[in-house]
Amino acid sequence: MPPPEWLIERGLDRSSLVAVHTGDCWDPGKRQMPATREQARDAIRQQVPACSKCRPDTRLGLLE
Ligand SMILES: [Zn+2]
């Protein structure tokens, strides 16, 4: 199975999302789950912060 292209990092309470990462981020946190491109994009649109290290918002094409 290939590694996920995107990761969503969850908070301690499991229901909150704390960051969106690219699948190859070197610092994706400890509670990340694999995500599709659509899930990653939706999360950012719903104000989940994009990781400042791997910049998934740039790779998703949300910042032109
Ligand atoms: Zn990241």
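This briefing walks through a predicted model, topic by topic. At its centre are a zinc ion held by His-21, Cys-25, Cys-51 and Cys-54 and a largest nonpolar core of nine residues.

Some housekeeping before the details. Residues are numbered from 1 along each chain as its sequence is written, and side-chain values use heavy atoms, with hydrogens and water left out. As this is a predicted model, local features need pLDDT of at least 70 and side-chain atom pairs count only at pLDDT 80 or more, while totals for chains, interfaces and linings use all residues.

**Zinc site**

- The zinc ion is coordinated by ND1 of His-21 and by the SG atoms of Cys-25, Cys-51 and Cys-54, at 2.1 to 2.3 Å. Donors here are N, O and S atoms within 2.8 Å of the metal (3.2 Å for Na, K and Ca), and water is not among the atoms, so sites may look incomplete.
- Angles between the four donor atoms run from 98 to 124 degrees, so the arrangement counts as tetrahedral (for four donors, all angles between 85 and 135 degrees).
- For reference, the ideal angle for four tetrahedral donors is 109.5 degrees.
- Along the chain, the donors follow the spacing H-x3-C-x25-C-x2-C.
- Both His-21 and Cys-25 are buried; buried means under 20% relative accessible area, exposed over 50%, and partly exposed in between (1.4 Å probe, protein chains only).

**Strands**

- Strands and helices are DSSP runs (E, at least two residues, for strands; H or I, at least four, for helices), numbered from the N terminus.
- S1 (6–10) pairs with S2 (residues 17–22) in the antiparallel sense over five bridges, where pairing takes at least two DSSP bridges between the strands. Glu-9 has Ala-19 of S2 as its bridge partner.
- The hairpin of S1 and S2 has six residues between the strands, and Arg-14 takes a positive phi there, near 70 degrees.
- S1 also runs antiparallel to S3 (residues 32–35), joined by four bridges. Here Leu-7 has Pro-34 of S3 as its bridge partner.
- Four of the five residues of S1 are buried, so that strand is mostly covered.

**Nonpolar core**

- The nine members of the largest nonpolar core are Trp-6, Ile-8, Val-20, Ala-35, Ala-40, Ala-43, Ile-44, Val-48 and Leu-60. Such a core is a set of buried Ala, Val, Leu, Ile, Met, Phe, Trp, Tyr and Cys residues joined through side-chain atoms within 4.5 Å.
- S1 and helix H1 (37–45) each give two or more residues to this core, with H1 supplying the largest share, three.
- Val-20 is in contact (heavy atoms within 4.5 Å) with a list of residues beyond four places in sequence, including Leu-7, Ala-40, Ile-44, Pro-49 and Cys-51.

**Helix H1 and the loop after it**

- The buried residues of H1 are Ala-40, Ala-43 and Ile-44. Seen down the helix axis, they fall within an arc of 95 degrees, so they line one face; the arc is that of the directions from the axis to the C-beta atoms.
- These buried residues pack against S1, S2, S3 and helix H2 (56–59).
- Gln-47, in the loop between H1 and H2, has a positive phi near 75 degrees without being a glycine. Gln-47 is exposed, with a relative accessible area of 67%.
- Arg-55 lies in the loop between H1 and H2 and has a positive phi of about 50 degrees, although it is not a glycine. Arg-55 is partly exposed, at 37% relative accessibility.

Note on methods: Four donors count as tetrahedral if all angles lie between 85 and 135 degrees; four count as square planar and six as octahedral if opposite donors are over 155 degrees apart and all others between 65 and 115; anything else is irregular.
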